[in-house]
Amino acid sequence: MPTYVNPTACNACAGEHQGPLCVYICPNDLMALDTEADKGFNQEPELCSECYACVKLCPQEAIHVRGYSDFIPLGASVQPRRVDNGLTWTVTFRNGKTLEFTYPSRSTPVGSSDPYKNFTEDPAGDLKGQGLAGESLWLGVDKLPTPSASN
Amino acid sequence: MALPVTETVECDILIIGGGMSGCGAAFESKFWGHDLKVVIAEKAVIERSGATGEGLSAINCYMGQRYGWNTPEDFVQYVVNDMMGLAREDLVYDVGRHVDSSVHLLEEWGLPIWKKEDGAYERIGRWQIPIHGESIKPVTAEPARKAVGQENIYERVSITHLLTDANDPERIAGAVGFGVRENKLYLFQAKAVIITTGGASNVFRPRSVNEGIGRTWYSVFATGSAYGLMIPVGTEMTQMEHRFVPTRFKDGYGPVGMWFQYFHARVTNALGEDYTVTRDDELDKYLPYGRAVPTPTPLRNHQMFLDIRDGKGPMFMRTEEAMQKLAGGDPAKMEQVRQEAWEDFLDMTIAQALTWASQNIEPEVTPSEVNLAEPYIMGSHSGEAGAWVSGPEDLAPPEYFWGYNKMTTIRGLFAAGDGVGAAPHKFSSGSFTEGRLAAKAAVNFLRDHGETPTVNAAQVRQLHESIWAPLETFDQYKGASTSETVNPNYITPSHALVRLQKIMDEYAGGTSAWYTTNGPTLERGIRLIELLREDLKQLGARNRHELLRCWEVVHRTWVGEAHMRHLLHRQETRWPGYYYRADYPNLDDANWRVFVNSRYDAANDKWNLLTRPYINVIT
């Protein structure tokens with residue numbers, strides 16, 4: 001379902017973020033800046049997979065989705081809003097009924113990961129073994145299984 | 001030809017692709033090789049790139065060893081049966097024994113996993129655990145980005161070709177590509193390369209048309225580059241004839257696993273029949289796999305296919321029946337089930353939620369149509385196409401071992417995720433794990449072979465010219481027509497994609513051919529795809545966005561051709577429900593319980609097909 005941009009709400013990220021965030025994030029190189037209008041737009045709607053990466057990131061909530069014309073009847077919408085470490089979704093049916101759902105999406109603050117925290121493997125001494133980094137801490141069992149050990 | 005500036009990047013390990021496998025490879029490589037320069041090249045931005053960029057509602061590969069749920073041996077049994085007898089047991093076991101550590105790490109980094117009251121993980125199925133996974137990709141990307149360092153991540157760079165050593169065509173030397181957002185060509189010189197790029201959507205003509213072709217089941221940005229990069233340099237590939245045909249909610253392609261396994265919903269036809277009951281006898285035609293528990297995915301497809309072929313559709317997932325039964329008249333319980341049902345889509349396939357809303361479908365009231373999708377060629381989910389790689393030191397028999405785990409037949413070239421063949425059912429967590437395994441092996445390779453490969457400058461120049469050629473072609477010929485798209489001198493990438501999809505659909509057993517083909521049909525299709533491959537030299541691109549699409553369709557065409565050549569070689573129907581060889585309609589374990597492999601010989605433009613033996617390692 002292709003994204004579309006509400007021209008009233010889009011400010012092309014107004015000089016912040018080194019350009020529009022939708023252009024930055026789109027995994028399929030679809031969102032582009034119309035330099036004349038100074039607005040974002042979807043340059044190839046038929047290859048939009050409705051992943052909502054741009055919708056979720058847009059600071060102006062200017063990006064929406066109009067369902068694929070070949071199989072989605074008009075009138076419905078699904079719109080997310082970022083809340084603390086989660087998203088609130090508003091689902092509007094064609095008949096006007098609405099549902100709202102809030103789900104968590106992350107249990108830690110953004111940027112807080114510590115890749116090798118408390119890992120005990122020796123990068124030189126354990127390189128030839130089968131264990132992966134941190135498995136002594138994170139595998140969940142004492143010993144890495146091998147077929148001979150478990151048969 | 002006037003080319004833009006070339007940026008040359010020298011590194012120890014080049015990771016191509018920043019999806020789940022690529023992030024796993026980045027994380028792992030810098031632990032074992034903290035002194036090494038590790039570089040990621042990614043055509044998008046790693047926080048939302050790859051097949052999990054939209055999010056996920058479940059981890060589908062988790063043993064639960066700490067709970068005593070499953071052993072890696074159990075996993076191998078399951079996978080071999082689901083693949084109708086064909087999977088590399090050493091590779092599957094390897095993912096199984098390590099994958100729990102990856103899942104626990106993802107949870108530590110911030111992935112919310114559903115828990116029971118006692119704190120243990122909730123379960124959907126034997127291998128599946130539900131997650132609040134909308135942000136699984138940013139959660140995974142963050143430690144990868146920290147591990148390799150911001151300065152070593154080359155985003156919006158599309159890799160088009162691999163480079164082999166000037167003096168040794170079986171030794172990797174790097175890769176070339178171009179900047180999607182700036183006029184720039186790239187040369188990556190690397191001592192080891194890890195391919196973690198994607199499987200292929202949109203090789204077959206999809207059921208949707210026009211705008212809906214972006215709503216592929218597997219990610220629309222999975223362009224088969226894992227194969228399109230490896231095949232042209234002569235990497236030995238395996239099981240490229242295999243495909244996955246997902247049974248999914250119709251058109252929106254919402255997931256069905258939770259409905260079948262967690263909500264225990266049935267699918268019924270227009271007569272109210274359940275094909276798993278009425279078509280039960282059909283399973284006896286495909287023994288021993290037909291009576292495996294659970295019934296292999298292709299055979300469940302096959303049962304449904306027969307209903308549809310016999311005119312008994314539409315097929316409906318009986319969501320209303322399942323939800324009413326689960327709620328048992330309790331409104332609070334119904335609200336909980338409703339929340340879970342919608343999250344399943346909103347976490348990972350938002351289009352399905354919109355599909356329901358647009359048709360006023362409330363799942364507790366109205367059943368929802370399901371269908372068999374177009375085929376997909378991939379190696380991480382339920383498909384097993386990919387490179388023929390070495391197994392791990394302690395598991396692989398000599399026939400499956402050549403020095404380094406996950407190394408392809410090109411020395412120094414490793415693969416993970418969709419790129420590894422005969423090792424399916426990895427999903428997100430297993431692909432991340434396989435990236436880690438490949439990375440550790442690559443560090444081992446570098447410790448043993450620290451030499452810098454030699455790059456042939458003339459070859460790089462030639463490849464750079466070919467990368468840029470579609471832009472030049474358009475500029476040169478655009479004046480020959482008043483239309484930018486109808487011109488006798490070039491075709492657009494969109495034209496090429498549609499031609500590929502038409503060939504695959506009609507000749508290789510797509511949906512319009514009822515997944516059916518035969519030898520002469522495949523031979524005809526291969527001839528047409530050879531002509532398409534010639535025409536790809538006349539692609540025209542108006543801008544860099546279209547140049548990206550040009551190289552995507554080149555990669556997809558390699559996948560399509562490999563798929564047809566492998567289909568032609570395997571003279572049996574091993575996976576009914578995925579495809580049917582009308583001239584060899586039966587499963588033939590006596591002759592064909594072997595891996596079908598191929599190597600493309602670029603010097604002679606010749607494909608060499610061969611088989612490799614099935615060796616029991618676990619079963």
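**Close-up views of chains A and B in a predicted model**

Among contacts in chain A between residues at least 6 apart in sequence, those that join residues at least 24 apart make up 40%. The structure shown is a predicted model, and each legend below treats one part of it.

**View 1. Chain A and its overall extent.** Chain A contains four helices and seven strands, which follow one another along the sequence in the pattern β-α-β-β-α-β-β-β-β-α-α. Its radius of gyration is 23 Å, well over the 15 Å that the globule rule gives for 151 residues, so chain A is more spread out than a compact globule. Along the principal axes, the C-alpha trace of chain A spans about 60 × 40 × 30 Å, and 37% of the 151 residues of this chain count as buried.

**View 2. Surroundings of A:Ser136 in helix H3 of chain A.** With 17 C-beta neighbours inside 10 Å, A:Ser136 counts as partly exposed, because this category lies between the limits of 12 or fewer neighbours for exposed residues and 20 or more for buried ones. When residues up to four places away in sequence are left aside, A:Ser136 touches A:Thr120 and A:Glu121. A:Pro104, by contrast, is separated from A:Ser136 by 32 residues in sequence and by 29 Å in space, taken from C-alpha to C-alpha.

**View 3. The contact between chain A and chain B.** To this contact chain A brings 64 residues and chain B brings 73 residues. On the side of chain A that touches chain B, at least two residues each are supplied by helix H1 (21-25), strand S6 (86-92), strand S7 (98-104), helix H3 (135-138) and helix H4 (147-150) of chain A. By class, the residues on that side of chain A comprise 38 nonpolar, 18 polar and eight charged.

**View 4. Successive hairpins formed by strands S6, S7 and S8 of chain B.** Strand S6 (residues 157-165) and strand S7 (residues 168-179) of chain B run antiparallel and are joined by eight bridges, with B:Gly174 in S7(B) as the bridge partner of B:Leu163. The hairpin made by S6(B) and S7(B) has two residues between the strands. S7(B) also pairs in the antiparallel sense with strand S8 (residues 185-195) of chain B, over five bridges, and here B:Phe178 has B:Leu185 in S8(B) as its bridge partner. The hairpin that joins S7(B) to S8(B) passes through five residues.

**View 5. A four-stranded open sheet in chain B.** The strands of this sheet stand in the order S10-S13-S12-S11 (chain B), and their pairing is antiparallel. Strand S10 (247-249) and strand S11 (267-268) of chain B are the edge strands, each of which pairs on one side only. S11(B) is joined by two bridges to strand S12 (residues 315-317) of chain B, the two running antiparallel, and B:Val267 stands opposite B:Met317 in S12(B).

**View 6. Helix H2 of chain B and its packing partners.** Helix H2 (residues 72-82) of chain B is mostly covered, with eight of its eleven residues buried; among them are B:Phe75, B:Val76, B:Tyr78, B:Val79 and B:Val80, while B:Asn81 and B:Asp82 are buried as well. The buried residues of H2(B) pack against H3 and helix H8 (297-309) of chain B. Just after H2(B), B:Met84 adopts a positive phi of about 55°.

**View 7. The crossing of helices H3 and H12 of chain B.** Helix H3 (residues 89-109) and helix H12 (residues 427-448) of chain B pack with their axes 8 Å apart and at an angle of about 105°, and H3(B) and H12(B) are therefore roughly perpendicular to each other. On the side of H3(B), the contact includes B:Val95, B:Val99 and B:Val103, and on the side of H12(B) it includes B:Phe432, B:Arg436 and B:Leu437. The residues of this contact of H3(B) with H12(B) divide into five nonpolar, five polar and three charged.

**View 8. The pairing of helices H14 and H15 of chain B.** The axes of helix H14 (residues 493-507) and helix H15 (residues 519-535) of chain B come within 9 Å and cross at roughly 170°, so that H14(B) and H15(B) are roughly antiparallel to each other. Among the residues that meet are B:Leu500, B:Ile503 and B:Tyr507 in H14(B), together with B:Leu528, B:Ile529 and B:Leu532 in H15(B). By class, the contact of H14(B) with H15(B) has eight nonpolar, two polar and three charged residues.

Conventions. Residues are numbered from 1 along each chain as its sequence is written. Chains are lettered from A and ligands numbered from 1 in the order in which they are written. This is a predicted model: local features need pLDDT of at least 70, side-chain atom pairs count only at pLDDT 80 or more; totals for chains, interfaces and linings use all residues. Two strands pair if DSSP finds at least two bridges between them. Two residues are in contact if their C-beta atoms, placed from the backbone, lie within 7 Å. Ala, Val, Leu, Ile, Met, Phe, Trp, Tyr, Cys and Pro count as nonpolar, Asp, Glu, Lys and Arg as charged, and the others, Gly among them, as polar. Axes are lines fitted to C-alpha atoms, for helices over the stretch in contact, and angles run from 0 to 180 degrees between N-to-C directions. Angles under 35 degrees count as roughly parallel, over 145 as roughly antiparallel, 65 to 115 as roughly perpendicular and the rest as oblique. The radius of gyration is taken over C-alpha atoms; the globule rule is 2.2 Å times the number of residues to the power 0.38.
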